Amino acid sequence: MGQLSGPTDPTVDAHWEHNHPRQGFFTDTSICIGCKACEVACKEWNHNPRDGNLELLGSSYDNTGALGASTWRHVAFVEQGQERIAEARESGRALVNLGMPRIGPPSEPDPLDLSEVDTTPPDTPDFRWLMSSDVCKHCTHAGCLDVCPTGALFRTEFGTVVVQDDVCNGCGTCVAGCPFGVIERRSDGTAAVAAQREEQHAEHPAVPNVGVAQKCTLCYDRLLTDETPACAKACPTTSIKFGDHEDMVQTARERVAELHAKGLTEARLYGANELDGVGGTGSVFLLLDEPEVYGLPPDPRVPTADLPRMYRRAGVAVAGMLAAAAVAFLGGRA
Ligand code: SF4
Ligand code: SF4
Ligand code: SF4
């Protein structure tokens, strides 16, 4: 049985003998231009159907809406005014390393210590778009994988989490187990778009894997042949970076420090803390506002983390009931 919470190496925890370095993403939303090349590349590589038939959501220029069974990368567009930008800068400033005095001999200067740097913000714009390419987090402690009763979800040798379409029985337990709302059963979709009204009722190719839980595989098939995931390869701005998880986290930390040093104190990390409720994530993000603004949970927690405590309490309750039954039995005989 693997560890249910806290820092761990998920590949070792899954008992893989040959130990690949854990792979992951660093998505730097500060340089995303919202071109959606990543969304398209993912659809194309994985032969995923469309979610609908060219419907416009009417709430944003983003008409995909959310991650789903057929959308494994989703680029959110969030429109913000000056007041919200100032608030984001203020909340992010609290996350700067304040360089607290240390006890002990003087050490090398910490490149991430910004206590001596002037972080006065540049002019606050009247308006901005936040663009962020979301994806499965490939959690260290993955709720979807922990609760799957058939073993359809498994941990790969790269530390990622993948669904086996032919093993999944469509029970949907994983959907409730994911604290990020990522995994979904494919209920419908359109394999070919009908641009003309008369084509909408025409017969279309069958949608694959209907009823099966679906999500990003971190391009497991490409990793096996040492190729970069399709979304990262297609990203023209390098907003999506792919590599060893450790390097991704370090790059992300340095980028936050760089932005803070320029006064862009709204920059913050998401998923880089191995002490959080999912043990950190394989997909790490740099955000420019609170996670909720992007539709991300601020404090995700894997449901199985509470299992040991629940079992302990259940054990105490059972022991109490047995003791009470024994007392009642012995008392009745006296
Ligand atoms: S984000 Fe959800 S679907 Fe992805 S690994 Fe974590 S629990 Fe599973
Ligand atoms: S890693 Fe592959 S499956 Fe996952 S979002 Fe990128 S292209 Fe899609
Ligand atoms: S391809 Fe890169 S720049 Fe374009 S939307 Fe995706 S993450 Fe942003």
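Colleague: Happy to be looking at this with you! In what order do the four strands of the open sheet stand?

Modeller: Welcome! This is a predicted model, and its open sheet of four strands has mixed pairing. Strand 1 pairs with strand 8 in the antiparallel sense, but with strand 10 in the parallel sense. Strand 10 also pairs with strand 9, in the antiparallel sense. The order is therefore 8-1-10-9.

Colleague: Which strands stand at the edges of the sheet?

Modeller: Look for strands with a single partner strand, because one side of such a strand is left without a neighbour in the sheet. Neighbouring strands here are turned by 20° against each other on average, direction ignored. The two edge strands are strand 8 (240-244) and strand 9 (268-270).

Colleague: Which residue in strand 10 stands opposite tyrosine 270?

Modeller: Strand 10 covers residues 283-287. Strand 9 and strand 10 pair over three bridges. Opposite tyrosine 270 you will find phenylalanine 285.

Colleague: Now to strand 1: what is the bridge partner of phenylalanine 26 in strand 10?

Modeller: Strand 1 (residues 23-28) has partners to follow on both sides. Towards strand 8 there are five bridges, and glycine 24 has glycine 243 as its bridge partner there. Towards strand 10 there are four bridges, and the partner of phenylalanine 26 is valine 284.

Colleague: How many of the six residues of strand 1 are buried?

Modeller: Let's take one face at a time. On one side, Gln23, Phe25 and Thr27 are buried, and on the other so are Gly24, Phe26 and Asp28. Both faces are covered, and the count of buried residues is six of six.

Colleague: Let's move to the ligands. Which helix gives the largest share of the shell around ligand 2?

Modeller: There are 14 residues around ligand 2, and Cys42, Cys216, Cys219, Pro229 and Cys231 come nearest. The elements giving two or more residues to this shell are helix 2 (37-46) and helix 7 (230-234). The largest share, four residues, comes from helix 2.

Colleague: How many residues of that shell around ligand 2 are nonpolar?

Modeller: Cysteine and proline count as nonpolar, and both appear among the nearest residues. The shell also holds two polar residues and one charged. The nonpolar residues number eleven.

Colleague: And around ligand 3, which strand supplies at least two residues of the shell?

Modeller: This shell has 16 residues, with Cys32, Cys35, Cys38, Ser133 and Cys235 nearest. They divide into eleven nonpolar, four polar and one charged. Helix 2 supplies at least two residues, and so does strand 3 (127-135).

Definitions and conventions. Residues numbered from 1 in each chain as written. Chains lettered and ligands numbered in written order. Predicted model: local features only at pLDDT ≥ 70, side-chain atom pairs only at ≥ 80, totals over all residues. Pairing = 2+ DSSP bridges. Axes fitted to C-alpha atoms, helices over the stretch in contact; angles between N-to-C directions. Near = placed C-beta within 6 Å. Buried ≥ 20, exposed ≤ 12 C-beta atoms within 10 Å, placed from the backbone.
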